[in-house]
Amino acid sequence: PAIVSVLLGASLGSYDYNFEILDYTGIFGGSVLFLILPALMVWQNRYGEDARPLTVKPMFPLGKITLSSLYKAAGTLILEQGLEKIGVFEFFKELFESRTTQ
């Protein structure tokens, strides 16, 4: 994704787009790589169709509850970062500030 984003930014002729694209790929790629994929691998190993008996105690206690909370944390983080990037928080901040000053 990073190489594609560099080439896309270079083809647009402006390096400002290039840095913005790299910022987006870094945020969402890192969140998927470090938050969603490990929990997904553990879920498949424990509860997938070809799940085998565990030979050691799981590192995450409480099973599905803990793994589900990891998915929720990852989804919340990705949603929060996306909303921040498109300016939703800044819009509501300005909206509430303009209403309190009237």
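**Close-up views of a four-helix predicted model**

Leu37 is partly exposed, with a relative accessible area of 35%, in this predicted model.

**View 1. Leu37 belongs to a nonpolar patch on the surface.** Leu37 is a residue of helix α2, the element that covers residues 15–47. Together with Val32, Leu33, Phe34 and Leu40, Leu37 makes a nonpolar surface patch of about 450 Å². Leu37 counts as partly exposed because its relative accessible area of 35% falls in the range between the buried limit of under 20% and the exposed limit of over 50%.

**View 2. The whole protein is built from helices, with zero strands.** Read from the N terminus on, the elements follow the order α-α-α-α, and the number of helices is four. The protein has 102 residues, of which 13% are buried, and it exposes about 8200 Å². Carbon and sulfur atoms supply 68% of that exposed area. When contacts between residues at least 6 apart in sequence are considered, 48% of them join residues that are at least 24 apart.

**View 3. Leu67 is a buried residue of helix α3.** Helix α3 runs over residues 64–86, and Leu67 has its place there. The relative accessible area of Leu67 is 0%, which means that Leu67 meets the limit of under 20% for a buried residue. Along the sequence, Leu67 and Trp43 are 24 residues apart, while in space their C-alpha atoms are 7.3 Å apart.

**View 4. Trp43, Tyr47 and Tyr71 form a cluster of aromatic rings.** The three residues are linked to one another through ring pairs, and the structure as a whole holds four aromatic pairs. Tyr47 also has a charged neighbour, since Lys64 lies over the face of the Tyr47 ring, at 4.9 Å from the ring centre.

**View 5. Gln81 is a buried residue of helix α3 that touches Ile27, Phe28 and Ser31.** The relative accessible area of Gln81 is 17%, and Gln81 is therefore classed as buried, as the value is under 20%. Leaving aside residues up to four places away in sequence, the residues that Gln81 touches are Ile27, Phe28 and Ser31. Like Leu67, which is placed in helix α3, Gln81 is found in that helix, and both residues are buried, with relative accessible areas of 0% for Leu67 and 17% for Gln81.

Conventions:
Residues numbered from 1 in each chain as written. Predicted model: local features only at pLDDT ≥ 70, side-chain atom pairs only at ≥ 80, totals over all residues. Heavy atoms only, no water. Patch = residues over 30% accessible without salt bridge, like charges linked within 9 Å, V, L, I, M, F, W, Y side chains within 5 Å. Areas by Shrake-Rupley, 256 points an atom, 1.4 Å probe, with all protein chains shown as cover. Salt bridge = Lys/Arg side-chain N within 4 Å of Asp/Glu carboxyl O. Helix = DSSP H or I, 4+ residues; strand = E, 2+ residues; numbered from the N terminus. Buried < 20%, exposed > 50% of the residue type's maximum accessible area, 1.4 Å probe, protein only. Contact = heavy atoms within 4.5 Å. Phe/Tyr/Trp six-rings, centres within 6.5 Å; stacked < 30°, edge-to-face > 60°. Lys NZ or Arg CZ within 6 Å of the ring centre and 35° of its normal.
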